[in-house]
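Got your viewer open and a hand on the mouse? Let's walk through this structure together, one selection at a time.

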Amino acid sequence: MIRNVRRARRAASTASSRRGPLRNGLVTYSDEVSAALAHGGPVVALESTIISHGMPYPQNLDTAREVEAIVRDNGAVPATVAIMDGALHVGLEAAHLERLAKEGQNATKCSRRDISLVLARGGVGATTVSGTMIASELAGIEVFVTGGVGGVHRGVEDTMDVSADLSELGRTPVVVVCAGVKSILDIPRTLEFLETQGVAVMGWNTDDFPAFFTVDSGEKAPIRVDEPEEVAAWLRANTDLGLRSGAVVAVPNPEPADQVVIDAALDQALREVKGGGITGKETTPYLLKRLNELTGGESLRSNIALVKNNAIVGSRIAVSRAALRGNGARVTSGIRSFSSSSSSSSSSSSSSSS
Ligand code: PSU
Ligand code: MN
């Protein structure tokens, strides 16, 4: 399908307070995402590692579909991000979503480090928080919803294991709506690292920083926000200043898991990681999988509930942000712009039927 790229680019550059979506052969937009971006409408990015590595099939597929539906019901357009057929897809067609859910851990988990390689090799890649933030920025999407962000791992003194999500938050201006940071991680150190990176960490209707499965990590949220308009105003200021750093909106889990059950499972899973020589990018998927097994599905149930709730909050923020754009708030300074010459190579951003 051929798109009128010139018109789309012009519309995007006037309707959006940031530059328009990157259009070259490496990035593909679904029709609905493309249309929404062209007129500055609300779009919510969704990650795909949570589908491939974060949940088992078929719950992963059901959840991904339901989360997209929730975004639509709340007035925004969902843009699930993944790498397939040599392109970074922003907005997955139904068949692609199903394929990714079935690929599971056969898909490559893609943080910043992995994206170009998987594209170059024509593989199937699921984007993490880090990878999805990058895609969001390329597309001009400012709000991204997920379950939990990565963090500083316990035992970091020995392993140096700090998720690439955290440095990405420091360098990419996207709001990440999540349920905080899991207690499989070192939460105080994660918050310290985010502060160093210049990331605005906001508790949603709470003073406490949530811990994913549970609503209170014992740490305070550095900033409290209660309404979507507050986050939208933050985004506008951050964009207009060209600060290039992101934010975390941490939403308390509406269906917290039993802390005792979770902690016991966690202890065991962490021991297995240590004893089993599990390292690097395998660690988080392993912990999630074992947690689900050890809690008899309790952790998965809670995980699904919080993702859906986050989708409501993120959609409201995206809608509020789009309303601000419509109010004429825009920046003309062009913080960074992609060469327009690249657009000629792929004026059709094929939505690659599968
Ligand atoms: N936490 C979850 N589910 C997930 C992840 C984290 O509850 O699926 C995924 C996200 O994609 C996140 C990634 O970006 O794990 C972090 O991995 P690592 O710790 O290897 O950086
Ligand atoms: Mn890691």
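## First stop: a threonine in a helix

Select Thr63, which you will find in helix α4, residues 59-73. Before you go on, bear in mind that this is a predicted model.

Is Thr63 buried or exposed? Its relative accessible area is 6%, and the cut-off for buried is under 20%, so Thr63 counts as buried. Now show the polar atoms of its side chain: one of them lies 2.7 Å from the backbone oxygen of Gln59. Next, display the surroundings of Thr63. Leaving aside neighbours within four places in sequence, the residues in contact with Thr63 are Met55 and Ile304. For a distance to try in the viewer, pick the C-alpha atoms of Thr63 and Ile51: they are 8.2 Å apart in space and 12 residues apart in sequence.

## A cis peptide bond

Move to the loop between α3 and α4, where Pro58 has its place. Select Tyr57 together with Pro58 and look at the peptide bond that links them. It is cis, with omega near 5 degrees. This one merits a look, because most peptide bonds are trans.

## The ligand

Now select ligand 1 and show what lies around it. How many residues surround ligand 1? There are 15, and the closest are Glu47, Lys109, Ser163, Lys182 and Thr284. Colour two helices while you are here: α3 (49-52) and α13 (283-294) each supply at least two residues of the shell around ligand 1.

Three polar contacts are good to draw as dashed lines:

- Ser163: a polar side-chain atom lies 2.7 Å from an oxygen atom of ligand 1.
- Asp165: here too a polar side-chain atom lies 2.7 Å from an oxygen atom of ligand 1.
- Val129: this time a polar backbone atom is involved, 2.8 Å from an oxygen atom of the ligand.

Turn on a surface for ligand 1. Taken alone, the ligand exposes 470 Å², and the protein buries 95% of that. If you display pockets, the space that ligand 1 takes is the largest pocket.

## A serine in helix α7

Select helix α7, residues 129-139, and pick out Ser136 within it. The relative accessible area of Ser136 is 0%, so this serine is buried. What touches Ser136? Apart from its neighbours within four places in sequence, Ser136 is in contact with Ala45, Ile141, Phe144 and Val174.

## An arginine with two partners to show

Go on to helix α14 (residues 298-326) and select Arg325. Is this arginine buried or exposed? It is buried, with a relative accessible area of 8%. Show Glu142 as well: a polar contact of 2.8 Å joins the side chains of Arg325 and Glu142. Then add Gly40, whose backbone oxygen lies 3.2 Å from a polar atom of the Arg325 side chain.

## A threonine in a loop

Find the loop between β9 (200-204) and β10 (223-225), and select Thr206 there. Its relative accessibility is 10%, so Thr206 counts as buried. A polar atom of its side chain lies 3.0 Å from the backbone nitrogen of Asp208. Not counting residues up to four places away in sequence, Thr206 touches Ala221, Arg224, Ala250 and Pro252. You can also check the distance to Asp216, which is 10 residues away along the chain: the two C-alpha atoms are separated by 9.4 Å.

## Two positive phi angles

Most residues other than glycine have a negative phi. Two residues on this stop go against that.

Select Asp85, in the loop between β3 (77-84) and β4 (87-90). Although Asp85 is not a glycine, its phi is positive, about 55 degrees. With 44% relative accessibility, Asp85 counts as partly exposed.

Then select Arg244, in the loop between α11 (228-241) and β11 (247-250). Its phi is near 70 degrees, again a positive value in a residue other than glycine. Arg244 is partly exposed, with a relative accessible area of 23%.

## Last stop: the whole chain

Zoom out and colour by secondary structure. The protein chain has 14 helices and 11 strands. Of its 354 residues, 56% count as buried. Among the contacts with a separation of 6 or more, 76% are between residues 24 or more positions apart. Finally, show the surface: the accessible area of the protein chain is about 14200 Å², and 51% of that belongs to carbon and sulfur atoms.

Note on methods
Residues numbered from 1 in each chain as written. Chains lettered and ligands numbered in written order. Predicted model: local features only at pLDDT ≥ 70, side-chain atom pairs only at ≥ 80, totals over all residues. Heavy atoms only, no water. Helix = DSSP H or I, 4+ residues; strand = E, 2+ residues; numbered from the N terminus. Buried < 20%, exposed > 50% of the residue type's maximum accessible area, 1.4 Å probe, protein only. Contact = heavy atoms within 4.5 Å. Polar contact = N/O pair within 3.5 Å; in protein donor to acceptor, adjacent residues only side chain to side chain. Areas by Shrake-Rupley, 256 points an atom, 1.4 Å probe, with all protein chains shown as cover. Near = heavy atom within 4 Å. 1 Å grid on protein atoms, 1.4 Å probe; cavity = no way out; pocket = protein on both sides within 12 Å on 5 of 7 lines; lining within 4 Å. Sits in = over half its atoms within 2 Å of the grid points.
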